[in-house]
Amino acid sequence: MEIQFNLDKQVMKQLGIKAAVLLAELKTQKTKVIENGGFYKDGFFIMPWSEIEKETSLSKSLQKKNLDILVSAGFLESKVVLNEDTRTQVKVVDKEETLND
């Protein structure tokens, strides 16, 4: 089964294509989580580094870098879980306003 996602052109323009790809994949992951039974506390879900790499070709280090960019821009919240080497927890924030040109 192939899942497609949409890249936000404003995110791509302001934060870079890698951040846009990561955000789009995390939105896809969020949809999967909802379909499969829900979230952890407060809307957070597990972000497995290896699965994200398989889907996006972004290495773990690129994921971490772009995760920080997306958190700083207000698109995500993140918190460390016990086994940070294989996964972390993220929350996709429904950002109402768009990025300015």
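**Close-up 1. Buried and exposed residues of helix H4 in the predicted model.** Buried positions in H4 are Gln63, Asn66, Leu67 and Leu70. These residues lie on the same side of H4, because the arc they cover around the axis is only 115°. Exposed residues, namely Ser61, Lys65, Asp68 and Ser72, are found on the other side of H4.

**Close-up 2. Length of helix H4 and the residue that follows.** Helix H4 comprises 13 residues (residues 60-72). At 1.5 Å a residue, H4 should span 18 Å, and this agrees with the 18 Å between its end C-alpha atoms. Gly74, just after H4, has a positive phi of about 90°.

**Close-up 3. Surroundings of Leu76 in strand E2.** Strand E2 covers residues 76-79 and contains Leu76. With a relative accessible area of 2%, Leu76 is buried. Leaving aside residues up to four places away in sequence, Leu76 touches Leu23, Leu26, Leu67, Leu70, Val71, Lys91, Val92 and Val93. Two of these contacts, Leu67 and Leu70, are among the buried residues of H4. Leu26 is 50 residues from Leu76 in sequence, with a C-alpha to C-alpha distance of 9.3 Å.

**Close-up 4. Salt bridge between Glu51 and Lys32.** The closest N and O atoms of the pair are 3.8 Å apart, within the 4 Å cut-off for a salt bridge. The count for the model is one salt bridge. Lys32 belongs to helix H2 (residues 17-35) and Glu51 to helix H3 (residues 49-56), so the pair ties together parts that are 19 residues apart in sequence. Glu51 is partly exposed at 28% relative accessible area, and Lys32 is also partly exposed, at 22%.

Technical notes:
Residues are numbered from 1 along each chain as its sequence is written. This is a predicted model: local features need pLDDT of at least 70, side-chain atom pairs count only at pLDDT 80 or more; totals for chains, interfaces and linings use all residues. Side-chain values use heavy atoms; hydrogens and water are left out. A salt bridge is a side-chain nitrogen of Lys or Arg within 4 Å of a carboxyl oxygen of Asp or Glu. Helices (H or I, at least four residues) and strands (E, at least two) are DSSP runs, numbered from the N terminus. Buried means under 20% relative accessible area, exposed over 50%, partly exposed in between (1.4 Å probe, protein chains only). Contact means heavy atoms within 4.5 Å. The expected span of a helix is 1.5 Å times one less than its number of residues. The arc is that of the directions from the helix axis to the C-beta atoms.
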